[in-house]
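Me: Could you pick one part of this model and give me a close look at it? After that, I'd like to hear about the side-chain contacts elsewhere in the chain.

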Amino acid sequence: MTTLDDVLTTVSERVTPTAEERQRLSTAAATLTDRARAAIDDRGLDADVIQVGSTARGTWLAGDRDIDLFIRFPPDLPREDLETYGLDIGHEVLPDGHQEYAEHPYVKGDVDGFDVDCVPCYRVESATDIRSAVDRTPFHTQYLEARIDEDLAGDVRVFKRFLKGIGAYGSDLKTRGFSGYLSELLVVEHGGVIPLLKAAVDWHPPVEFDPEGHGTTTFDDPLVVIDPTDPDRNVAAVCSAENVARLQHYARELLANPQLGLFFPAEPEPLSADEIRERLARRETAPLALAFETPDIVDDQLYPQLQKSLAGIESGLEGHDFDVFRSDLFVDEDSDTTVLLFELSTAQLPAVERHEGPPVAVRDHATGFFEAYADDDSCFGPFLDGDRYVVERPREWTDATDYLESDALLEVGLGVRIEEALGDDYELLVDEEIVELVETIGMGLTEYLTPQP
């Protein structure tokens, strides 16, 4: 029988970078750091360069190819100058790099197979003095370097691989999972990956950890880990309740039945068009999908707007009594197509809806309600049901497809760029027509129709 120790040992062997990998990364990082220092010296700037992130802390996974260099400037340097100097140095370090933008612009490029970010920041005294979000990062590296030895680094790598295997790794707003920094803090807090997993199975959110015991702010997130370098920040703020629950579910499964497949899951086979058609038919629901061109914005702007739009349209449907059984969103990067899927209990409703008035005993309101409908020939009633007036009036929308094809769709809460995209053009697919999407979001439909925790 495979034991937990056997599984974790095998995982550790597979995710630990080899001596050759470490040497290649160390050489590349040193070369890039020298370039940055030379660029700083050539310009006579008061700045320095440090390497941050998991490759600096020795907690990176075999095969990862990321190098993060931060160029630190004095805190009194104007923001405009920081951006100008930062980009100038970044392009000298990465001659073939390109500009990207987080809170402020930085340069990203590829050197000897490594993905390199060259990011300007302020050299502040502490993480509580930051002038931009990235100013904290050097403090994170310093804090963890002092607390993670080789054994804990190995446990961190195993935990990160576990999170990747179950689909809960990454603090981007698409995933809303566990960041690398959060993963490392949790392993350090519990003294290893096994104690962490054993603790996680019994978490009752909200769960809070405060490594330095210095938190000053109350958070209502399901998982709270007070940043040891900043008492007012929850490192786990982006982590969704679903991903906290996902960690708990799979931690229980791993402890009960240790298996490599939780760390290295097999790629699922996509369902065929016929299989998707059969499963949709078996459900006997009314699926509807809006397909449109994906707005050209970064993922951390796109996905919050998509989530807002999905919720807004669902609310609009529910507000007109179309019960949404389940909904989801899919983005196909190859075709630049986004799909919002709404599975309804029914897409057809009666021509009338029940509208209850106040109890007859509430004289003024009851009289107003009765008089408002008494002479309306389009309504049935008013009549009494128990002690209150009721009227059956014409329903505004009896067909969900008509609603989704109307301008009313643009009146719900939508992300700005999603509203623009829907206003330009979209395709509404109904029932079996959804099978046509197998060419673009086939894997998404497969996951939707074969749901897992």
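Reply: What follows starts with one sheet and then moves on to side-chain pairs.

A bit of housekeeping: this is a predicted model, so local features need pLDDT of at least 70 and side-chain atom pairs count only at pLDDT 80 or more, while totals for chains, interfaces and linings use all residues. Residues are numbered from 1 along each chain as its sequence is written, and side-chain values use heavy atoms, with hydrogens and water left out.

For the big picture, the protein chain has 15 helices and 14 strands; these are DSSP runs numbered from the N terminus, with helices being H or I over at least four residues and strands E over at least two. Its C-alpha trace spans about 85 × 60 × 45 Å along the principal axes. Of its 453 residues, 47% count as buried, where buried is under 20% relative accessible area, exposed is over 50% and partly exposed is in between (1.4 Å probe, protein chains only).

Now the sheet. Four strands form an open sheet in the order E9-E10-E8-E14, with antiparallel pairing; two strands pair if DSSP finds at least two bridges between them. Strands E9 (324–332) and E14 (427–430) are the edges and have a single partner strand each, so one side of each is left without a neighbour in the sheet. On average, neighbouring strands here are turned by 15 degrees against each other, direction ignored. (Axes are lines fitted to C-alpha atoms, for helices over the stretch in contact, and angles run from 0 to 180 degrees between N-to-C directions.)

Look at the E9 end. Eight bridges join E9 to strand E10 (residues 337–344), and the two run antiparallel. If you want a spot to click on, Phe-330 has Val-339 in E10 as its bridge partner. Helix H11 (residues 299–319) packs on this sheet, touching strand E8 (286–293), E9 and E10, and its direction makes about 150 degrees with that of E9. Contact here means heavy atoms within 4.5 Å.

Strand E10 also takes part in a salt bridge, meaning a side-chain nitrogen of Lys or Arg within 4 Å of a carboxyl oxygen of Asp or Glu. Glu-343 makes one with Arg-283, with the closest N and O atoms 2.6 Å apart. That pair links distant parts of the chain, Glu-343 in strand E10 and Arg-283 in helix H10, 60 residues apart. Glu-343 is buried at 1% relative accessibility, whereas Arg-283 is partly exposed at 29%.

Helix H10 has another such link, this time to the loop that follows E14. Glu-432 and Arg-277 form a salt bridge, with 3.4 Å between the closest N and O atoms. Glu-432 sits in the loop between E14 and helix H15 (438–449) and Arg-277 in helix H10 (residues 273–283), so the pair ties together parts 155 residues apart in sequence. Here Glu-432 is exposed at 52%, and Arg-277 is partly exposed at 29%.

Those two belong to a longer list, as the whole structure has 26 salt bridges. Among them, Arg-157 pairs with Glu-150 at 3.0 Å between the closest N and O atoms. Arg-157 is buried at 2%, while Glu-150 is partly exposed at 47%. There is also a network of salt bridges linking Asp-46, Asp-48, Arg-72 and Arg-123.

On to the rings. Rings of Phe, Tyr and Trp (its six-membered ring) pair if their centres lie within 6.5 Å; planes under 30 degrees apart count as stacked, over 60 as edge-to-face and the rest as tilted. The count is six aromatic pairs. In one of them, the ring centres of Trp-203 and Phe-209 are 5.9 Å apart and the planes are at 55 degrees, so the pair is tilted. Both Trp-203 and Phe-209 are buried. Phe-370 and Tyr-389 make a tilted pair too, at 5.2 Å centre to centre and 45 degrees between the planes. Phe-370 belongs to helix H12 (residues 363–374) and Tyr-389 to strand E13 (residues 388–394), so parts 19 residues apart in sequence are tied together. Phe-370 is partly exposed at 33%, and Tyr-389 is buried at 17%.

Finally, the charged end of Arg-14 sits over the ring of Phe-264, 3.8 Å from its centre (this needs NZ of Lys or CZ of Arg within 6 Å of the ring centre and within 35 degrees of the ring normal). Arg-65 does likewise over the ring of Phe-114, with its charged end 4.0 Å from the centre.
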